[in-house]
Amino acid sequence: MPSAENQKPVALAIGAGDGIGASASMRGKAGFGAFASAKHGLRALAQSLAREIGPKGVHVAHIVIDAGVDMPANHERRRKKFGDDHVDAENILVKPDSIAETFFAVHSQTPDAWTHELDLRPYGENW
């Protein structure tokens, strides 16, 4: 989230804010200490903002995307790492349209049942 202080007026005006996390916001892995600490911080920031501006009608959500995104660069990376047999990654990559639909669903929620935290992952993700 770019500068939460700068974002608050916009969030208050439109009544919405979000943070995009990764599984590292929930748990750290060996070799990913810097990434995990940054994502933990984003999660804590989303919680703080939800408590601060939620009562003013702003829905703040922390959405964890626990997968790679289905796009050409990720297919090429997988091809180089695993070979051609692992390029079709439908069960382990999440489609951009699916991410957009989820964000829209969260954005469309009424204040009596807001989601604060949501994990988004394809069925084949090892979590």
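# A guided tour of the chain

The protein chain has 4 helices and 5 strands. The model is predicted. Keep residue numbering from 1 along the chain as you select.

**Whole chain**

Start with a cartoon view and trace the chain from the N terminus. The elements come in the order α-β-α-β-β-α-β-α-β. Switch to a surface next. The exposed area is about 7,900 Å², and carbon and sulfur atoms supply 56% of it. Of the 127 residues, 30% count as buried. Now think about contacts along the chain. Among those with a separation of 6 or more, 69% are between residues 24 or more positions apart.

**Stop 1: helix α2**

Select residues 33–53, which form helix α2. Put a distance between its end C-alpha atoms. They are 30 Å apart, which agrees with the 30 Å that 21 residues should span at 1.5 Å a residue. Show side chains for A36, K39, L42, A46, L49 and I53, the buried residues of α2. Look down the helix axis. The buried residues fall within an arc of 155 degrees, so they line one face of the helix. Turn to the other side of α2 and find G33, A34 and R51, which are exposed.

**Stop 2: helix α4**

Move to residues 96–107, helix α4. Its 12 residues should span 16 Å at 1.5 Å a residue, and the end C-alpha atoms are 16 Å apart, in agreement. Which residues of α4 are buried? They are I99, T102, F103 and V106. Seen down the axis of α4, these buried residues fall within an arc of 100 degrees, so they line one face of the helix. Rotate to the face turned away from the buried side. It carries the exposed residues D97, E101 and F104.

**Stop 3: the nonpolar cores**

Keep I99, F103 and V106 of α4 selected, and add A61, I63, I65, V94 and L120. Together these make up the largest nonpolar core, 8 residues in all. Both β2 and α4 supply at least two residues each to this core. Another core, of 5 residues, lies apart from it. Color L49, I53, V58 and V60, which are among its members. Two of these names were on the α2 list: L49 and I53 are buried in that helix.

**Stop 4: H59**

Select H59, in strand β2. Is H59 buried or exposed? At 6% relative accessibility, H59 counts as buried, because the cut-off is under 20%. Now look for what its side chain reaches. One partner is the backbone oxygen of V106, at 3.4 Å. Another is the backbone oxygen of T115, at 2.7 Å. V106 is also one of the buried residues of α4.

**Stop 5: D66 and R121**

Follow the chain past β2 (59–65). D66 sits in the loop between β2 and β3 (68–69). Despite being in a loop, D66 counts as buried, at 5% relative accessibility. Show the side chain of R121 as well. A polar contact of 3.0 Å joins the side chains of D66 and R121.

**Stop 6: M71**

Go on to M71, in the loop between β3 and α3 (72–82). M71 counts as partly exposed, at 39% relative accessibility. Add V94, a member of the largest nonpolar core. The C-alpha atoms of M71 and V94 are separated by 9.0 Å, with their positions 23 residues apart along the chain.

**Stop 7: D112**

Jump to the loop between α4 and β5, where D112 has its place. At 70% relative accessibility D112 counts as exposed, because the cut-off is over 50%. Select T110 too. The side chains of D112 and T110 share a polar contact of 2.4 Å.

**Stop 8: E117**

Finish at E117, in strand β5 (residues 117–120). E117 is partly exposed, with a relative accessible area of 27%. Which side chains make polar contacts with the side chain of E117? One is R43, at 2.7 Å. Another is H62, at 3.0 Å. Now bring back A46, one of the buried residues of α2. A46 and E117 are 71 residues apart along the chain, and their C-alpha atoms are separated by 9.1 Å.

How values were computed: This is a predicted model: local features need pLDDT of at least 70, side-chain atom pairs count only at pLDDT 80 or more; totals for chains, interfaces and linings use all residues. Side-chain values use heavy atoms; hydrogens and water are left out. Buried means under 20% relative accessible area, exposed over 50%, partly exposed in between (1.4 Å probe, protein chains only). Contact means heavy atoms within 4.5 Å. Accessible areas come from the Shrake-Rupley method with a 1.4 Å probe; for residues, only the protein chains shown count as cover. A polar contact is a pair of N or O atoms within 3.5 Å; within protein, one must be able to donate a hydrogen and the other to accept it, and residues adjacent in sequence count only if both atoms are side-chain atoms. The expected span of a helix is 1.5 Å times one less than its number of residues. The arc is that of the directions from the helix axis to the C-beta atoms. A nonpolar core is a set of buried Ala, Val, Leu, Ile, Met, Phe, Trp, Tyr and Cys residues joined through side-chain atoms within 4.5 Å.
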